[in-house]
Amino acid sequence: MKAGLHTVLPSSSIGSALVLGLFNQAVVSIGGFGWNLALARGLPADEYGVIALITAIILYLNGLHQALITYPLSLDAASGDSREFSRSRIVAALSTLLFQFVCIPAVVIVTARNAPLKALPLALVALFFWQIQEINRRSALARGLYLEATCGDAVRYLGAFAVAAILAVNGLLSVQAAFLVVALASALALLATPSTAFSWVRFGPLNFAAEIKSYWRRGSPVLWAALLSAFPVTFFLWLLVRKDGLVAGAAFQALLNIAAIARPVAVGIENMLVPEIARRKGTMSFHELVSILWHCAWVSGALIVPVFAVILLAPQWTLGLFYGSDAPYTRFPGELRILIWVYVTYPIAAIFSATLKAYGASEGLMKMQLYPALTAVILGPFLILRMGLLGACLTWLATGLVCTLFGLLYVTRLRRFTSSRGTIRQAV
């Protein structure tokens, strides 16, 4: 069946969707990894620290944008109703424009003390186009248009990586140039996904106020989870910069670049699971749900365990391989080992989170992030202000374990709300 704006691919097998979703996220993460690597190798540590600090708040805001805007949009796209999707698409675009009234002061307030003011305008432009491109890719993924989404992501992430590498080799890389590249790559990526990028031209009568209320009703439970889930890393980075300066923030980001090699697996699985489970939850028993989750867990393990084993056995060699043996980031092999264990929990937690999102289990989703955030607030200041980077890594490991345990608890509770025929009787 041909997939386009007005059709959704027939429900493919979980295995096929998983492979396509992982491939899409691999493109995103390879590009993101290469981008960070080019910046870390091509910029002084203090300038890379500026980018790390600004990017941390951007990613935090993108998490809020995902909860309030792209998550409801994904549900509309997955429903298969083309008219509903077209209307939802224009609501998402207009909401993103309004969301900048939150983004602009947040970026300025958090980064003004440490980032040069001349870098902020380009950072804000990059943030806006990044969010617009994210609307586009989530729409395509939810409608089963994996190839089209991947083409756009190749332009956005692999393209940005390639340009950053060229600038670094020629000595032209700077903080301003980095954010300009992100803005241009995000805008150009829209041209690679025309069936979703320009779907707004087909919308009909629109009650914007009612649509915003609908978005808020569906997105607000996920919003609180997003606020809490993205909080620890931003909080840790801010404390590190306050204690030891931008170079410490750069070192933390450099270690995360390597440890986050598991992130494409986790995010790819979550992107696939939310719409797939949402489509099937009315006819799927709890036993069938568990089988799907186990399948995703085994695939995750097969992909990340061999790589993690190499890093755990040779962290110093790994750091030297990526950043050069004389780079300042090679002094933290122990901290890298701790972050690897953090990212062992990451795909597992992502599987639980995706399941709770698909079932609308707002209480479990929120508490799965609330208790890790409380752990970060309690342990973070004590450990980071005393131990610096090591304290940040230990605190994050504690939050990862807490998140995974509560995710498991609330997913197992879905059994009580699912009949033998898969019908949900009550949200958790």
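In this predicted model, Cys 403 is buried, with a relative accessible area of 10%. Cys 393 is also buried, at a relative accessible area of 0%. Both values fall under the 20% limit for burial. A search for disulfides across the whole structure returned zero. No pair of cysteine sulfur atoms therefore lies within 2.5 Å.

At the level of the chain, the secondary structure consists of 16 helices and zero strands. The chain has 428 residues, and 56% of them are buried. Its accessible surface amounts to about 17900 Å². Carbon and sulfur atoms contribute 69% of that surface. Among contacts in the chain with a separation of 6 or more, 83% join residues 24 or more positions apart.

Helix packing was examined next. Two packed helices are described by the angle between their axes and the distance between the axes. Helix α10 spans residues 246-259, and helix α13 spans residues 315-323. Their axes are 11 Å apart and meet at an angle of about 100°. This angle lies in the 65 to 115 degree range, so α10 and α13 are roughly perpendicular to each other. On the α10 side, the contact is made by Ala 254, Leu 255, Asn 257 and Ile 258. On the α13 side, Thr 318, Leu 319, Phe 322 and Tyr 323 take part. By class, the contact of α10 with α13 comprises six nonpolar and two polar residues. Charged residues are absent from this contact.

Two positions in helix α3 were also characterised. Helix α3 covers residues 82-111 and includes Gln 100. Gln 100 has a relative accessibility of 9% and therefore counts as buried, the limit being under 20%. Neighbours within four places in sequence were set aside for the contacts of this residue. On that basis, Gln 100 is in contact with Pro 105, Leu 127, Phe 128 and Gln 131.

Leu 94 is likewise found in helix α3. Its relative accessible area is 35%, so Leu 94 is partly exposed. That value sits between the 20% limit for buried residues and the 50% limit for exposed ones. Leu 94 and Ile 132 are 38 residues apart in sequence. In space, their C-alpha atoms are 10.0 Å apart. Within α3, then, Gln 100 is buried, whereas Leu 94 is partly exposed.

Key. Residues are numbered from 1 along each chain as its sequence is written. This is a predicted model: local features need pLDDT of at least 70, side-chain atom pairs count only at pLDDT 80 or more; totals for chains, interfaces and linings use all residues. Side-chain values use heavy atoms; hydrogens and water are left out. Buried means under 20% relative accessible area, exposed over 50%, partly exposed in between (1.4 Å probe, protein chains only). Axes are lines fitted to C-alpha atoms, for helices over the stretch in contact, and angles run from 0 to 180 degrees between N-to-C directions. Helices (H or I, at least four residues) and strands (E, at least two) are DSSP runs, numbered from the N terminus. Angles under 35 degrees count as roughly parallel, over 145 as roughly antiparallel, 65 to 115 as roughly perpendicular and the rest as oblique. Contact means heavy atoms within 4.5 Å. Ala, Val, Leu, Ile, Met, Phe, Trp, Tyr, Cys and Pro count as nonpolar, Asp, Glu, Lys and Arg as charged, and the others, Gly among them, as polar. Accessible areas come from the Shrake-Rupley method with a 1.4 Å probe; for residues, only the protein chains shown count as cover.
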